[in-house]
Amino acid sequence: MLLRDELADHGLTAAGGTVLAQWSGIAAAVFPTLPAHVQATSYGPDTGRLDLRPDSPAYAAQLRLLTARIIATANDTPAPPP
């Protein structure tokens with residue numbers, strides 16, 4: 001499951017590995033069981049591509065339904081201090 005163009009089009013503000021480091025919190029804020037069933041595998045800050053690996057077809061479908069909420073939550077999540 002890829003959220004590539006959507007993240008770039010919506011201006012994901014978190015930089016580089018920050019999205020990966022914060023995935024668990026972002027996912028839990030969107031849907032409480034998401035972090036246990038969906039792993040963020042890579043993020044390209046230049047392309048806005050976030051690769052997600054769901055553990056089942058049901059969670060792949062769930063991701064398609066939650067794309068807009070994932071983007072909004074990621075955009076609203078502040079980057080941790082350096």
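Let me start with salt bridges, where a search of the whole structure, which is a predicted model, finds one. That salt bridge joins the side chains of Asp51 and Arg49, with a distance of 2.8 Å from N to O. The two partners are not equally covered, because Asp51 is buried at a relative accessible area of 14%, while Arg49 counts as partly exposed at 31%.

Both residues belong to a stretch of the chain that also matters for the next topic, since strand 2 runs over 49–54, so let me step back for a moment to the overall layout. The chain has five helices and two strands, and from the N terminus on, the elements run α-α-α-α-β-β-α. Of the 82 residues in the chain, 40% are buried, and the accessible surface comes to about 4,600 Å², with 56% of that area belonging to carbon and sulfur atoms. If we take the contacts between residues at least 6 apart in sequence, 64% of them join residues that are at least 24 apart.

Now to the interior, and to the largest nonpolar core, which has 16 residues. Which of them touch the most other members? They are Trp23, Leu34, Val38, Leu50, Leu52, Leu63 and Ile70. At least two residues of this core come from each of helix 3 (23–30), strand 1 (38–44), strand 2 (49–54) and helix 5 (57–76), and it is helix 5 that gives the most, with five residues.

Staying with helix 5, I would like to point out Thr73, which lies in that helix. Is Thr73 buried or exposed? With a relative accessible area of 19%, Thr73 is buried, because the cut-off for that class is under 20%. A polar atom of the Thr73 side chain lies 2.8 Å from the backbone oxygen of Arg69, and, leaving aside residues up to four places away in sequence, Thr73 touches Ile26, Ala29 and Val30.

Finally, please look at the segment after helix 5, where we find Pro78. Pro78 is exposed, with a relative accessible area of 60%, in contrast to Thr73, which is buried. How far apart in space are Pro78 and Thr18, given that 60 residues separate them in sequence? From C-alpha to C-alpha, the distance between Pro78 and Thr18 is 9.5 Å.

Notes. Residues are numbered from 1 along each chain as its sequence is written. This is a predicted model: local features need pLDDT of at least 70, side-chain atom pairs count only at pLDDT 80 or more; totals for chains, interfaces and linings use all residues. Side-chain values use heavy atoms; hydrogens and water are left out. A nonpolar core is a set of buried Ala, Val, Leu, Ile, Met, Phe, Trp, Tyr and Cys residues joined through side-chain atoms within 4.5 Å. Buried means under 20% relative accessible area, exposed over 50%, partly exposed in between (1.4 Å probe, protein chains only). Helices (H or I, at least four residues) and strands (E, at least two) are DSSP runs, numbered from the N terminus. A salt bridge is a side-chain nitrogen of Lys or Arg within 4 Å of a carboxyl oxygen of Asp or Glu. A polar contact is a pair of N or O atoms within 3.5 Å; within protein, one must be able to donate a hydrogen and the other to accept it, and residues adjacent in sequence count only if both atoms are side-chain atoms. Contact means heavy atoms within 4.5 Å. Accessible areas come from the Shrake-Rupley method with a 1.4 Å probe; for residues, only the protein chains shown count as cover.
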